[in-house]
Amino acid sequence: MRTLTPHIWFAGDAEDGAALYARALPATSITRTDRYPTEGLLPFQEPLAGKVLTIQLEGPGCDLVLINAGPEFRPTPASSFTVTFGAADDTDAVAALDTAATALADGGRVLMPLQQYPFSDRYTWVEDRYGVSWQLTVAFPDAPAEPSIVPTLLFGGPAQDRAAEAIAEWTGLIPNSEVVRTVPYDEATGPAAAGAVMFAEIRLADQRVYVMDAGSPQDTTFTPAVSYQLACPDQAEIDRVWATLSTVPEAAQCGWCVDEFGVSWQIVPENMDELMARPHAFEHMLEMTKIVIDDF
């Protein structure tokens, strides 16, 4: 698994979602499935004993982990995934995009129709039946055209025009991070002020991420339904990152935290698999807010 990995919360139907994504997304496959333990669960988790806990998918440039849980959280368009299928002059890429758009929109809704836009010869934004948002596109013929999946964060509502702050904080905090490019709004556009981030590409722990301030009013913002797991080499690094990213005390549990922009993170040790193999590890983790390696 990569150092930074998006996790998506599902309301008991992660297996169906994983099958859909492995079928619809380019070069994406299921690589691992983990199950809930059969004992040591909290009362609300007991019906999940022995059932699927997480499903990991490996895709081009990005891994995804689907969390099989309850109906507590639902994704919003504030956290989406931009999927590039290839070049606009590649008929196979265009056909794959069209097929994926149909599959992902089945039972969901289309946020932006499939057509040509100034920024893409063929593009659509769909929200699938699980509430997950996908921006499907092809690259211009003269642009790099390898298939890719890129986590994309839209700062709107209470987070409007805070993209630049978040970019500075995250790239300064997380090792192996950088700002690749930033395109500002030349003038005020909807709720976005002149100079706000129209589009930015950054790398967080070498994972490509797109970030932007909304140019039209948004009635949703980030939720824990999409979180970003950061794997740290030791307790000192967990402590350092947690001190900045955990800003909502009531949201801190089992290594999860919410930052000042409303984005959810999971701060975990690199050897989490080894720790979770210890006796009663799941029970110990449920008692934690910040992960403490020595307490497993």
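Which residue is the bridge partner of Arg-32 in β3? The partner is Gln-56, and this pair makes a convenient way into the fold. The model is a predicted one, in which local features need pLDDT of at least 70 and side-chain atom pairs count only at pLDDT 80 or more, while totals for chains, interfaces and linings use all residues. Numbering starts from 1 along each chain as its sequence is written, and side-chain values use heavy atoms, with hydrogens and water left out.

Strand β3 covers residues 52–59 (helices, H or I with at least four residues, and strands, E with at least two, are DSSP runs numbered from the N terminus). Seven of the eight residues of β3 are buried, where buried means under 20% relative accessible area, exposed over 50% and partly exposed in between, with a 1.4 Å probe and protein chains only. Strand β2 (residues 29–35) runs antiparallel to β3 and is joined to it by six bridges; strands count as paired if DSSP finds at least two bridges between them. Strand β4 (residues 62–68) is likewise antiparallel to β3, again through six bridges, and Glu-58 stands opposite Asp-63 in β4. Two residues separate β3 from β4 in a hairpin, and Gly-61 in the turn has a positive phi of about 80°.

Elsewhere, eight strands form an open sheet with mixed pairing, in the order β6-β7-β8-β5-β9-β12-β11-β10. Its edge strands, β6 (109–117) and β10 (178–184), each pair on one side only. From one strand to the next the twist averages 20°. Within this sheet, β5 (residues 79–87) and β9 (residues 148–155) are antiparallel over six bridges, and Val-83 has Ile-149 in β9 as its bridge partner. Helix α3 (residues 163–173) packs on the sheet, where it touches β9, β10, β11 (197–204) and β12 (207–213), and its direction makes about 10° with that of β11. Contact here means heavy atoms within 4.5 Å; axes are lines fitted to C-alpha atoms, for helices over the stretch in contact, and angles run from 0 to 180 degrees between N-to-C directions.

Thr-84 also lies in β5. With a relative accessible area of 12%, Thr-84 is buried. Beyond neighbours within four places in sequence, the contacts of Thr-84 include Pro-26, Thr-137, Val-138 and Glu-146.

Turning to the helices, the axes of α1 (residues 14–24) and α2 come within 9 Å and cross at roughly 165°. Helix α1 is therefore roughly antiparallel to α2, a label given to angles over 145 degrees, with under 35 counted as roughly parallel, 65 to 115 as roughly perpendicular and the rest as oblique. At this interface, Leu-20, Tyr-21 and Ala-24 of α1 meet Ala-100, Ala-103 and Leu-104 of α2.

Tyr-21 reappears in the largest nonpolar core, which has 86 residues; Tyr-21, Trp-134, Phe-155, Trp-170, Trp-265 and Ile-267 touch the most other members. Such a core is a set of buried Ala, Val, Leu, Ile, Met, Phe, Trp, Tyr and Cys residues joined through side-chain atoms within 4.5 Å. Helix α2 (residues 91–105) gives the most to this core, with seven residues. Apart from the largest core lies another of nine residues, among them Trp-125, Val-150, Leu-154 and Met-212. Setting aside neighbours within four places in sequence, Tyr-21 is in contact with residues including Phe-10, Leu-57, Asp-128 and Trp-134.
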